[in-house]
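Hi everyone, thanks for making time for this one. Have the sequence and the model open while I talk, and stop me whenever you like.

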Amino acid sequence: MKKLLLYSWILCFLAVNLQLLAQTNNKSLKNRRPTTRTDIDGASQADRPNKRACLEQSSSSTLRFQNQVYTLTYLKHISPRIEQNGHYYSDVIIELERISPTIDYKGFDLSDLFRENIEITARLQRMNEQGEVAHTKTFSGLLSENEVVWRYDYPDFNSSKNCPLKLQEVSFSLKNSSNLQKRIQLVDEYDRQMEKLTTYSNELQSLSEPDLQRMSQQVDEINNLSYKIKALERYDFSPLNLPPNSSEDFAYQLSILQTQYNDLQASLPTIYYDAGIQKLRYPAEAKKYFEATLRLNPQHIGARNEMANIHFAANEIGAFLQDIEELEKLRYDGNDRLVNKAFNWFLDAASHQSNHPTEYEAALAIYEDAKVLCKYGYVRDCYAQLEDRKMHTVEKVSMKKTQLYETMLYDAMQAANYNRFGDAQNLLKQAALYQQNNDSWVPLTVSTHQTLSHVYCTMINDATQQIQKGALTEARQSLDQVNVLESDWSYWSWTRNNATCSGQLEQAYSNLYQSYLKKSTQLSYSSNFNAARQSLAEAQDLCRKQQLNCGNDLEIARFKIQEEEYKQTIEKGQQQFRNRQYSEAVRYFETAESICSQDDRITCANSLAGGLYDSYFALAQQKASNKDYEKATEYFRKLQQNIDRYQPSNYATLQRQIMEAMQGVGEAYISDKMIAVEQAIRKNELWEANNIRDEIDDLVTTYHLQSNRTIGDKMEQINGQIQSQHCINTKRDISDRYLKAKELADNQQFTIANATVGTALQLINENPDCQITTTKLITLQNQILPAVEYQEMLEHVNVLVKNYKYKEAIEEYLKISEHAEKHQLAANLKIQHPSLYTFLQQSDIGWLQVAGVQHFHQQEDWVKTRSLLRILATNHSSKSAKKYFTTLGTELARADRINKTFDTKESGAEHYQLNEFKVYKKFRKAYWKVW
């Protein structure tokens, strides 16, 4: 009853609110202007009150343009349905009434252009009889004459409703029109140019009273304004429709700016010129004022004349001549004075330059430069005066250049006389180049070729003297320099045939070659064989480069060096052997052997083979006495190679001597190794003992001692000692493993204990010679195996639980209990196996306990069933616990019905005595459903 009253009150409240809303809408519609829209037959809405418009509503929206937000007021109108030839449609109209505020962009009204580029999008919905949306259509279009009209066609119309259409989501956007963008850019450009006009006008105003201290900057600003004003004249903003009476009109402002510029440009030159005249005592300052005057008025004669005076006073003749040229164009009547002043300056400068110690020739160029003044006609006999003075200067220049050329040649000859040949050649080249560049000035009274021949012959004589002194390297360098001289002077057509000593060069090279051969022989006698060969290499290089006819002298000299070196090396080896320096003796004999093998013309003497044999034998015995058996063996092998190579007449005796010596070394070597084996056995390092024993076997073969009875007996004794120690170690290891396995079994680590016993049994099988018994190990293994199986079965239970196989886990656990009882694990190995009930109580896995409840219920063990249910209810109160009890309620109810344990569902559910737990309601509900 209370609910019914509440619903009635809510319906009344809604009805009142809807009535108030309808009155408000009617008032707003009455305030709107009457529409003139017509139906399809031409009748107005006023004539058809039964055909009211679907929608007639005023609304507003916003649109952003140029960082300004504008409000758009518009009318939404949907006409009543109109029938035409059996088809129905409605006109959908959106009319833009006004935009506020007015779109005034920088003083220009863009409202009309703005309206033309507004795009409207709207979504229309048609409703069915149930008030659900039956169809949706989206319209879009540009404004045309402040409105946009769309037609909506009904596919079929059978509706008792008068207005099934709704207009939603009307949005306005501004289309990116090129016409609108151009108009905006034009307005922006107009605004920028008007700002420039104002700026330039202010700049001219600041220049109207000139500040003479900054006239250079002022002139730059005036000239720049000229270009800026011309740039402004090209703009045309007529499309903006400027007001004709506006004082800010662009053309008007530009004409004022041009007038201000013309007035300022006309007045400033005179002001600058007068200021410069006042500063004539300070030419640098006055020059700035006159420059400013000429920049504004290049035809100002007074300023140009003063600039000419300043340039002449500063010795700036180029600028002075330019001033004269400009004054001549301006028809200055005092220009003759300036021209004569410049002419006299040129005459004085040329006369001064002709007396310069090195740059006297530049005077001729000055006379040429002065001819530019003759064109004005103010200097009498201008060209004649200049030519006369130039001829005297030419004679003077020719005499000085000839003296300088002859000095260079004389200095070159003196340098050669003092053996400074590099300086002499440089001076000759300078003289030749100087004469070539000044051939019109310098006559060939002294020939460069004659001086060069003197230098050439002097260099050859000097090289010949160096050869006689034994300075062969210096002589070679000098001769090579002489040889290159001809190619250096080929440009001036000079060859050695021009010299009086042309044949002496070949003779000097021949003398140098013989000196190299003689030097190599002397060096070889003094045991400096590398230097001797280097001297021969120099001689050979000389033959190759200078194309001398060397013949077989080089080969004969090279053989003599080899032969002498071999002889001296043998003697040194014998001396070292007598001094008991056997290593050094071997080195010398091996070097002699290498020399002998390289040249077939040298006969290897018997002293070489004997020296090598004696040295190797002595060195091998020395190494053996120092117990360096491997090195001693190496030398004995070299002894064998030596007699194999030279095949001496007593070859068999020597070979037997080498074999006996090697066997003696081998016996000593093996004896030391046997001592090392015994030491390793005493330290119980059997791995090291076995390695040394293997080395002894290899040594017996290496030194051919297989038939040595003493070594054989000793090896049998060593093998017995190794085997005995090995059995002792193995028994100790097996005993340790047995004790370790028992300790592991006592700590319930049966799997590891079983593996330890297995390893011990494997060691016994691998060492049958040690005769170790297995009784204790096998007994221990038989005791452990049931416990190992027990632990594996427990692990299998854990795997079943992890894989959510709870029922199988319980069944497997029952098998474990039987296994533990069968093998009496508790009595034999102190394994305390908990019962299934205890295992389930200790578990924290709810579903495992659920499986336990089902198990004990099937066994009709109600006490354990209820106990496990209480544990579940206590430990699992989450959503998952509710699932447990839903499952349990279902399963237990089915079991009770099958076994007919209880007559009713109430007595069965209450029997489990779970009322004190909140989760019991899930159990009871599931139990009831089954019953």
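Let's begin with burial: of the 931 residues in this chain, 39% count as buried. Please keep in mind that this is a predicted model. The secondary structure amounts to 33 helices and 10 strands. For those of you who like surface areas, the accessible surface of the chain is about 54200 Å², and 47% of that belongs to carbon and sulfur atoms. On contacts, if we take those between residues at least 6 apart in sequence, 62% join residues at least 24 apart.

Now to the nonpolar cores. Which residues touch the most other members of the largest nonpolar core? That core has 63 residues, and the ones in question are F750, L777, L840, L869, F885, F923 and Y927. Helix α25, residues 775–802, supplies the largest share of this core, with 10 residues. Let's look at L777 for a moment. Setting aside neighbours within four places in sequence, L777 makes contact with I734, Y738, V757, A760, L761 and I764. There is also a second, separate core, this one of 58 residues, with Y70, L96, L254 and A275 among them.

Next, the second largest pocket. Its volume comes to about 240 Å³. Three elements each give two or more residues to the lining: α26 (806–822), α29 (846–858) and α31 (879–899). Which of them gives the most? That is α29, with five residues. If you want to select the lining on your screen, pick K807, I810, E811, L814, A851, Q854, H855, H857, Q858, E891, L892 and A895. By character, the lining divides into five nonpolar, four polar and three charged residues.

One of those lining residues, H857, leads us to T865, because H857 is among the contacts of T865. T865 sits in helix α30, which covers residues 862–875. Is T865 buried or exposed? T865 counts as buried, because its relative accessibility is 0%, and the cut-off for buried is under 20%. Leaving out neighbours within four places in sequence, the contacts of T865 are V853, F856, H857 and Y912.

Finally, some backbone geometry to check in your own viewer. As a reminder, most residues other than glycine have a negative phi, and most peptide bonds are trans. Against that background, the bond joining S100 and P101 is a cis peptide bond, with omega at about -5°. P101 lies in the loop between β4 (87–100) and β5 (104–105).

Then we have two positive phi values at residues that are not glycine. E169 has a phi of about 55°, and E169 is in strand β10, residues 165–174. K627 has a phi of about 60°, and K627 belongs to the loop between α19 (606–625) and α20 (629–646). Are these residues buried or exposed? E169 is exposed, since its relative accessible area is 55%. K627 also counts as exposed, at 54% relative accessibility. The cut-off for exposed is over 50%.

That's my tour. Thanks for listening, and I'm happy to go back to any part of it.

Terms used
Residues numbered from 1 in each chain as written. Predicted model: local features only at pLDDT ≥ 70, side-chain atom pairs only at ≥ 80, totals over all residues. Heavy atoms only, no water. Helix = DSSP H or I, 4+ residues; strand = E, 2+ residues; numbered from the N terminus. Buried < 20%, exposed > 50% of the residue type's maximum accessible area, 1.4 Å probe, protein only. Contact = heavy atoms within 4.5 Å. Areas by Shrake-Rupley, 256 points an atom, 1.4 Å probe, with all protein chains shown as cover. 1 Å grid on protein atoms, 1.4 Å probe; cavity = no way out; pocket = protein on both sides within 12 Å on 5 of 7 lines; lining within 4 Å. Points joined across faces, edges and corners; volume = space filled by probe spheres on them. Nonpolar A, V, L, I, M, F, W, Y, C, P; charged D, E, K, R; others polar. Core = buried A, V, L, I, M, F, W, Y, C linked by side-chain atoms within 4.5 Å.
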